[in-house]
Amino acid sequence: MNERDSEGVAAQLIQEGYALAPHEAAADVILLNTCSVRDTAERKAMNKMQALASEVRRHRPNVVLGFLGCMAQAHGDTLLSELPEINMILGTRKSHRVAEYLGKILADRSIRICDVNEEPQSHTVTKGHLLSRPSGGNKVSAFVNIMEGCNQRCTFCIVPKTRGVEHSRPLNDILDECRELVDKGVREIILLGQVVTSYGKGLIEKTGGVSPFVRLLEAVHSIDGLERIRFTAPHPRGYGDDLISAYANLPKLCESAHIPLQSGSNNILKAMKRGHSMAQYTRLTEKLRGVKPEIGLYTDIIVGFPGETESDFEDTLAAVKDIRFDSAFLFKYSPRTGTPAAAMQNQIPQHVKEERHARLMNAVDQIASEKYKRLTGQTVEVLVEGPSRKNPSRLEGRTRCHKWVVFEGDESMIGSLMYTTVTGIGKYTLYGESPEPCKKAEQTK
Ligand code: SAH
């Protein structure tokens with residue numbers, strides 16, 4: 001989400017006549033987009049801003065500094081008083097106003113702005129895109145915002161506070177944006193929101209058992225020239241039978257899903273107020289594998305939530321081994337001020353979090369590596385995105401199950417679907433050979 005917001009701000013400034021600086025040392029304006037989900041993210045942003053402030057104070061007094069995103073939203077003008085070099089603090093609903101405020105600051109350098117107010121229609125603003133990839137070539141895969149905010153009340157999470165309540169964009173605005181991107185060469189769209197499966201609640205009616213989110217998937221699916229659709233982040237409760245069937249009925253919907261589990265213990269899931277049980281989650285993965293046996297399954301897990309016993313943790317380990325995720329993001333619980341879990345009495349000591357994190361990581365990595373190895377010798381369908389970020393003489397793209405593949409090829413392949421045979425395996429990369437175009441009839445145009 002932050003990557004997308006930053007892209008939107010950059011596109012807005014370019015539209016207004018600014019240009020991207022080749023690197024930080026050459027920039028006249030430096031804006032930090034920030035995340036509050038964990039303390040480490042906040043500390044990193046704060047350290048970075050302090051280093052920038054000190055450099056501005058000593059060597060670059062004309063540089064404009066700004067703080068955007070969740071930290072700006074959560075801390076507001078206390079950041080202005082802590083760092084006198086900062087010119088601008090803009091909250092999560094203000095990113096479309098960056099150019100306007102920046103213009104004011106550049107016209108009068110004595111102005112300092114802090115705006116973290118509500119702005120009811122901000123979610124309806126279409127954010128611009130940057131259509132070139134940093135490693136070369138035009139963008140093949142693009143994020144499209146469909147909703148913002150979150151109405152869940154997970155006890156660990158700061159997001160509802162920093163991003164506000166759910167707001168969905170009008171369906172036609174989303175479709176117009178997708179069509180325009182496809183006209184400009186985009187072949188894959190990743191629908192984006194804090195809880196995408198809540199899309200359209202209260203805006204579009206559920207008819208014939210089909211939720212507004214699945215209606216949106218169907219509408220995006222009908223765009224000619226689009227090859228692939230993905231989405232993030234869903235809530236497990238949002239996987240009704242209509243969404244499961246969508247995987248069977250919509251060939252452009254890639255067989256990969258990132259579904260946050262958070263814990264394998266029902267006690268902890270309850271204390272987290274996640275709204276799903278372990279049995280419901282397992283059933284969901286079985287249904288998905290029932291329609292798409294090879295689906296790539298990814299998840300988020302928090303270890304060391306308050307009150308997590310060794311036995312709760314072992315339930316999480318067992319869940320990981322049982323479900324066999326393709327990969328997982330593992331987080332050590334980080335207390336966020338103002339959330340219910342931060343005030344719980346039974347906080348877990350840091351060394352226990354570290355130890356559980358390492359054990360879980362071992363289990364996840366072992367399963368992931370077995371799954372990667374099984375792909376050796378298989379032919380996979382890759383949407384070629386451009387030169388590899390690590391080795392620009394080769395190309396990279398992703399399989400339908402969301403695994404990166406690097407292979408030798410020529411630039412004409414960028415933006416097309418190719419078959420390639422997997423001949424090598426890295427930790428999170430497949431290496432392919434002998435790329436062949438997917439036959440026209442099999443392309444989903
Ligand atoms: N909207 C999504 C993702 C939220 S943030 C959802 O609700 O599922 C991404 C991930 O960060 C979460 O899935 C969770 O695993 C992790 N996370 C959120 N708050 C956290 C906290 N206080 N400490 C550690 N990890 C956290």
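Let's start by selecting Thr399, which sits in strand 14, the stretch covering residues 395-399. Keep in mind as you go that this is a predicted model. Thr399 counts as buried, because its relative accessibility is 6%. Now show what surrounds it: setting aside neighbours within four places in sequence, Thr399 is in contact with Arg228, Arg230, Val380, Glu381, Val405 and Leu430.

**Just past the strand**

Slide along to His402, in the loop between strand 14 and strand 15 (404-407). Check its backbone: phi is near 75°, a positive value in a residue other than glycine. His402 counts as partly exposed, since its relative accessibility is 30%.

Select Cys401 too. Cys401 counts as buried, with 16% relative accessibility. Which cysteine sulfur is closest to the sulfur of Cys401? It belongs to Cys254, and at 8.3 Å it is too far for a bond.

**The other cysteine stop**

Jump to Cys154, which is buried, with a relative accessible area of 9%. The closest cysteine sulfur to that of Cys154 is in Cys157, and because the two are 6.1 Å apart, they are too far for a bond. How many disulfides does a search of the whole structure find? Zero.

**The ligand**

Next, select the ligand and display the residues around it. There are 15 of them, and Phe156, Gln194, Gln262, Asp300 and Ser334 come nearest. Colour that shell by residue type and you get seven nonpolar, three polar and five charged residues. Strand 11 (296-303) supplies at least two residues of the shell, and so does strand 12 (327-332).

Here are three distances to draw in your viewer:

- From an oxygen atom of the ligand to an N or O atom in the side chain of Gln262: 2.7 Å.
- From a nitrogen atom of the ligand to a polar backbone atom of Phe156: 3.1 Å.
- From an oxygen atom of the ligand to an N or O atom in the side chain of Arg38: 3.1 Å.

How much of the ligand's surface does the protein bury? Taken alone, the ligand exposes 550 Å², and the protein buries 90% of that.

**Beyond strand 11**

From strand 11, follow the chain into the loop that leads to helix 12 (310-323), and pick out Pro306 there. Is Pro306 buried or exposed? It counts as buried, because its relative accessibility is 3%. Not counting residues up to four places away in sequence, Pro306 touches Ile268, Tyr333, Ala341, Met344, Asn346, Gln347 and Ile348. For a sense of scale, draw a line from the C-alpha atom of Pro306 to that of Tyr239: the two residues are 67 residues apart along the chain, and the line spans 28 Å.

Carry on through helix 12 to the loop between helix 12 and strand 12, where Arg324 lies. Arg324 is another stop for checking backbone angles: its phi is near 55°, a positive value in a residue other than glycine. Arg324 is partly exposed, with a relative accessible area of 28%.

**Around helix 9**

Now select helix 9, residues 241-249. Which of its residues are buried? They are Asp242, Leu243, Ile244, Ala246 and Tyr247. Turn on the surrounding elements to see what covers those buried residues: the cover includes helix 8 (212-221), strand 9 (228-232), strand 10 (256-258) and helix 11 (278-291).

While you're here, step back to the loop between strand 9 and helix 9, where you'll find Ala233. Zoom in on the link between Thr232 and Ala233: it is a cis peptide bond, with omega at about -5°.

**Last stop: helix 1**

Finish at Asp5, whose place is in helix 1 (residues 2-15). Asp5 counts as buried, since its relative accessibility is 7%. What does Asp5 contact, leaving aside its neighbours within four places in sequence? Asn33, Lys127, Asn145 and Arg163. Add Lys127 to your selection and look at the two side chains: a polar contact of 3.0 Å joins Asp5 and Lys127.

Note on methods: Residues are numbered from 1 along each chain as its sequence is written. This is a predicted model: local features need pLDDT of at least 70, side-chain atom pairs count only at pLDDT 80 or more; totals for chains, interfaces and linings use all residues. Side-chain values use heavy atoms; hydrogens and water are left out. Helices (H or I, at least four residues) and strands (E, at least two) are DSSP runs, numbered from the N terminus. Buried means under 20% relative accessible area, exposed over 50%, partly exposed in between (1.4 Å probe, protein chains only). Contact means heavy atoms within 4.5 Å. A residue is near a molecule or strand if one of its heavy atoms lies within 4 Å of it. A polar contact is a pair of N or O atoms within 3.5 Å; within protein, one must be able to donate a hydrogen and the other to accept it, and residues adjacent in sequence count only if both atoms are side-chain atoms. Accessible areas come from the Shrake-Rupley method with a 1.4 Å probe; for residues, only the protein chains shown count as cover. Ala, Val, Leu, Ile, Met, Phe, Trp, Tyr, Cys and Pro count as nonpolar, Asp, Glu, Lys and Arg as charged, and the others, Gly among them, as polar. A disulfide is a pair of cysteine sulfur atoms within 2.5 Å.
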